[in-house]
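Visitor: I would like to hear how the labels in a structure are justified. Could you walk me through them?

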Amino acid sequence: MSINNLKSRIQNRDACIAVIGLGYVGLPLVIRFSEEGFRVIGFDVDKEKVEMLNKGESYLRHIPSSVVAAAADDGFTATSDWMRIPDCDFILISVPTPRGPHKEPDLQFIHGTLNSIKPYLRAGQVLILESTSYPGTTEEKLVPVAEERGFTIGEDFFVGFSPEREDPGNTTFTIKEIPKVVSGITDNCLNMVDTLYSSIVERTVPVSSTRVAETTKLLENIHRAVNIGLVNELKILADKMDIDIFEVINASATKPFGFTPYYPGPGLGGHCIPIDPFYLTWKAREYGIHTRFIELAGEINASMPEWVVSKVSDTLAQRLVALQGAKLLILGVAYKKNVEDIRETPVFKIMDLLLAKNALVDYHDPYVLHLSPTRDYNFQMSSVDLSAETLAGYDLVLLTTDHDLFDYDLILQNAKCIVDTRGRYKNGGKVVKA
Ligand SMILES: NC(=O)c1ccc[n+]([C@@H]2O[C@H](COP(=O)([O-])OP(=O)(O)OC[C@H]3O[C@@H](n4cnc5c(N)ncnc54)[C@H](O)[C@@H]3O)[C@@H](O)[C@H]2O)c1
């Protein structure tokens, strides 16, 4: 199929879009393409997700089932059947890119996807990676698969990279409004990738290579990780100096130029910020470069759970309560507010440290009712109810995730003491910031 043919298929909405990996990134993409009138086929190896989606049900709290049902009415179907790949003109890959045990990139899901689709690729298709990865991934992993099938990139098959900027729970910006960085292996590839995304977002940002696009995504996340590391370090200093770091940041943020506020917390969480920077660190070693800012920020951010636990211990000691045997209530296990996402949450590390010191730990999180085993932890706990009575029954309440749903007055009035890692309360009285 020629480039002009593909373009007119986009314009006429005849093009069929495959989205592989229907998670936090893939599902919103499905919905956006569907809203614009495209036929969308979603692929996932998780049969339960496929089944739910085909029934018009959502498994992500911030995406209502009605939206999935509307996409299904418009022709969206989910499947685990790779034989449907030839039906698709554009194939978008949004599978996980976690880290291995030594913080090295774990590309098993990208490899799995490529192995699954390889036999079904056909001439005229456009293959686009959306998953975050190190510079060179698209060239090193996607291109060989197409070439092994005998295609000529930029002539009868097109390959590109376009990173997702999804921020689950953020209601200020929609996918349509967030500019999308686009790239291709050749000019023709870029042209195809750009034309596709221009039909669903208001602004695309074409860049000169897939490596630039891959690095752009990493820079965005490294920028956050390093700045959060900076404020986390300053938080510890400010605490020693009896200065409220949150008050300082909010005052600094009134400067109308040259300052972006970042807020300290109990540590980094989520699929992106604690992981992605280390994809670049790993790749940098190939060039003999040591990414010191990334490592330093990682070290500081990773040490925050220990610091929070030391504040809990000190706060209890001041009240003549030993950490060993103390009854503690943790508020929020999700890695950030208003979401159910517990991937890489620092709260698990905090819970683990507290339990290792024989504290009696309960948690409450309206979005995470049960804790199932993860790769690193096996808590097997359920969220306790939050009421004046339960709050009063704990020696200390530790605020780890500042969900908007929490009744902050109720907590303040009834908790014996509060260690606040999110700057939600003013320091003093029964509140200690950590
Ligand atoms: N979560 C975010 O906010 C966010 C934001 C920007 C970019 N990203 C990046 O997007 C990518 C996906 O992240 P996510 O948060 O959507 O992950 P996710 O875990 O929510 O979803 C990934 C989906 O892929 C499926 N999957 C795994 N292997 C598969 C395979 N071989 N074939 C088909 N499906 C498969 C899983 O079952 C899951 O449903 C990652 O690279 C991540 O770094 C995530």
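Guide: Gladly; we will take the ligand's surroundings and then a surface patch. This is a predicted model, in which local features need pLDDT of at least 70, side-chain atom pairs count only at pLDDT 80 or more, and totals for chains, interfaces and linings use all residues. Residues are numbered from 1 along each chain as its sequence is written, and side-chain values use heavy atoms, with hydrogens and water left out.

Visitor: Why is the pair between Lys-49 and the ligand called a polar contact?

Guide: A polar contact is a pair of N or O atoms within 3.5 Å. A polar side-chain atom of Lys-49 lies 2.7 Å from a ligand oxygen, so the pair qualifies. The side chain of Thr-113 has an N or O atom 3.3 Å from a ligand nitrogen, so that pair qualifies too.

Visitor: How do you know how much of the ligand the protein buries?

Guide: Taken alone, the ligand exposes 830 Å², and the protein buries 92% of that. Accessible areas come from the Shrake-Rupley method with a 1.4 Å probe.

Visitor: What makes the shell around the ligand nonpolar, polar or charged in its parts?

Guide: Its residues divide into eleven nonpolar, nine polar and seven charged. Asp, Glu, Lys and Arg count as charged; Ala, Val, Leu, Ile, Met, Phe, Trp, Tyr, Cys and Pro as nonpolar; the others, Gly among them, as polar.

Visitor: Why do Leu-230, Leu-234, Leu-237, Met-241, Ile-243 and Val-248 make a nonpolar surface patch?

Guide: Patch residues have over 30% relative accessible area and no salt bridge (a side-chain nitrogen of Lys or Arg within 4 Å of a carboxyl oxygen of Asp or Glu), and nonpolar side chains are joined within 5 Å. These six therefore form one patch of about 500 Å².

Terms used:
A polar contact is a pair of N or O atoms within 3.5 Å; within protein, one must be able to donate a hydrogen and the other to accept it, and residues adjacent in sequence count only if both atoms are side-chain atoms. Patches are made of residues with over 30% relative accessible area and no salt bridge: like charges are joined within 9 Å, nonpolar side chains (Val, Leu, Ile, Met, Phe, Trp, Tyr) within 5 Å.
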